[in-house]
Amino acid sequence: VGAAAPANGKGKGKGGNSPKNGGGKKSASASEAKGESKEESNGGGEGAAVMGSGKGQEVTPWTAEADDQFDYDVLVESFGSFYIEEDIIARVERLTNRRAHRFLRRGLFYSHRDLRQLLDLYERGEKFYLYTGRGPSSEALHLGHLIPFTLTKWLQEAFDVPLVIQLTDDEKFLFKQDLTLERCHELAYANAKDIVACGFDESKTFMFSDLDYIGHMYPVIVNIQKRVTFSTARGIFGFSDSHNIGCQAFPAVQAAPSFPAAFPVPLRGSTDMPCLIPCAIDQDAYFRMTRDVAPKLGYRKPALIHSKFFPSLLGPGGKMSASNDNSSIYLTDTANKIKKKINKHAFSGGQETLELQRELGANIDVDVSITYLTFFLEDDEELEEIKRKYASGEMLTGEVKARLIQVLQELVAEHQERRAKATDAVVRRFMKVRPLVF
């Protein structure tokens, strides 16, 4: 799993918003209001458990699976993070003078570490930088891979801050037995074009392949490695005797970009600039380790915001899989292919017959079309109207799918148009080691 991996849909379950499982809770806990983090107030540390297991689910950096729907409350409790409360969202809107992104409004990014403290610093005039990334293991990206990049772009624009994007081609070579080192490096550059197509500000964005940039980060990496024992790494990541030593050493590589010292040129010599990492909740283990080691190195702990998982088209019990093209909508899919996939494969919460649908309505909590619209339909009022009508039986599954098809066909077509303009020369500009503008 690459740095700040997308809400990747590997798990069996949905990534929608519900009061039980999401953000938007009204009040912060007492410890958070005092600026304390749970790992400190609860005595967590290097060896603290980080796996979100129980209630038929398992969430680690490499596995996200649930028997039915993910229980996001369990993950917050297990990982010791905090909900993104309504007052935080309101504060983001006040500081940026713009409406919060739909992912924040709808609780799709729902959990955080030290976001309040980061906003305190920003309000006092101290800029932060953003860090996200991608593990390049395939040529084509799917919709789930867009989730962290979409919010990161909004954050970059809203807060006017620099961004670093890590492409973990080294990690994919170490963890994927069927990929050569050369192929991983090629995939990093192919994926970079899709990332450029997300619309980041070139003057404020540095994107890098680990294989290319590792020398610049290496002093930070070895300092991290020296301060994390194998026992701790094994407890956090589940390493066994069969893992190669590269796998066991890699977490420090993903941790290093959390510290500005890893970017002496792009961040213009800063050694104490705060960092905010948008990532899926399954990536928290990497950054729990990072936050534990930060004080030992004299660095600030990075702040994080966690997303829910983006589900497979196949619904609960289904998986996004490269071996099953129908489990995902890819950014290379044609308009006709998108239509066919959704009509044929998108899991429905509607009733089996027209009569039952009119009488009972749909179960919108498991309906994939509703979940995808929650991620990608911008208009809040239209979304709520669709949900109301579908749940009451006033709308049919085919009508909901038709609206989703329209939304995704437009989104993917626009992305493909922008990607076509992301030439090798453009990618090289983003990946050039240079001072960023901030």
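So, how many helices and strands does the protein chain have? The count is 20 helices and nine strands. Before going on, keep in mind that this is a predicted model.

Let's talk confidence, then. The average pLDDT for the protein chain is 88, and 86% of the residues reach at least 70. Where does the pLDDT stay under 50? One such stretch is residues 1–23, and even so the model has 119 contacts beyond four places in sequence for that stretch. Residues 26–50 also have a pLDDT below 50, with 50 contacts in the model beyond near neighbours in sequence. I'd keep both stretches in mind when you look at the picture.

Okay, the overall numbers. The protein chain has 438 residues, and 56% of them count as buried. If you take the contacts with a separation of 6 or more, 81% are between residues 24 or more positions apart. On the outside, the protein chain exposes about 17200 Å², and carbon and sulfur atoms supply 50% of that.

Now the empty space, starting with cavities. The structure holds three of them at 30 Å³ or more. The largest cavity contains about 100 Å³ of space. Its lining is made of 13 residues, and the ones nearest the centre are Val92, Leu104, Leu115, Leu155 and Ile305. Which elements give two or more residues to that lining? They are helix 4 (86–96), helix 6 (115–123) and helix 7. And by class, the lining of the largest cavity has 13 nonpolar residues, no polar ones and no charged ones.

The second largest cavity has a volume of about 40 Å³. Its lining includes Ser258, Pro260, Asp272, Cys275 and Arg300. By class, that lining divides into six nonpolar, two polar and three charged residues.

On to a pocket: the second largest one, with a volume of about 470 Å³. There are 18 residues lining the second largest pocket, and Arg102, Thr150, Leu411, Glu414 and Arg418 are the closest to its centre. Helix 7 turns up again here: helix 7 (143–159) and helix 19 (397–420) each supply at least two residues of this pocket's lining. Which helix gives the most to it? That's helix 19, with seven residues. As for chemistry, the lining of the second largest pocket has seven nonpolar, three polar and eight charged residues.

Let me finish with two single residues. Thr374 sits in helix 17, which covers residues 368–376. Is Thr374 buried or exposed? Its relative accessibility is 5%, so Thr374 counts as buried, given that buried means under 20%. Leaving aside neighbours within four places in sequence, Thr374 is in contact with Arg106, Leu108 and Leu383.

The other one is Asn244, in the loop between helix 11 (230–237) and helix 12 (245–249). Asn244 counts as partly exposed because its relative accessibility is 30%, and partly exposed is what falls between 20% and 50%. Go to Phe175 and you have moved 69 residues in sequence from Asn244, yet the two are 8.6 Å apart in space, C-alpha to C-alpha.

That's it from me.

Notes. Residues are numbered from 1 along each chain as its sequence is written. This is a predicted model: local features need pLDDT of at least 70, side-chain atom pairs count only at pLDDT 80 or more; totals for chains, interfaces and linings use all residues. Side-chain values use heavy atoms; hydrogens and water are left out. On a 1 Å grid over the protein atoms alone, a cavity is a set of points where a 1.4 Å probe fits but cannot get out, and a pocket is an open set with protein on both sides within 12 Å along at least five of seven lines; lining residues have an atom within 4 Å of a point. Grid points are joined across faces, edges and corners, and a volume is the space filled by probe spheres set on the points. Helices (H or I, at least four residues) and strands (E, at least two) are DSSP runs, numbered from the N terminus. Ala, Val, Leu, Ile, Met, Phe, Trp, Tyr, Cys and Pro count as nonpolar, Asp, Glu, Lys and Arg as charged, and the others, Gly among them, as polar. Buried means under 20% relative accessible area, exposed over 50%, partly exposed in between (1.4 Å probe, protein chains only). Contact means heavy atoms within 4.5 Å. Accessible areas come from the Shrake-Rupley method with a 1.4 Å probe; for residues, only the protein chains shown count as cover. pLDDT is the predictor's confidence in each residue, from 0 to 100.
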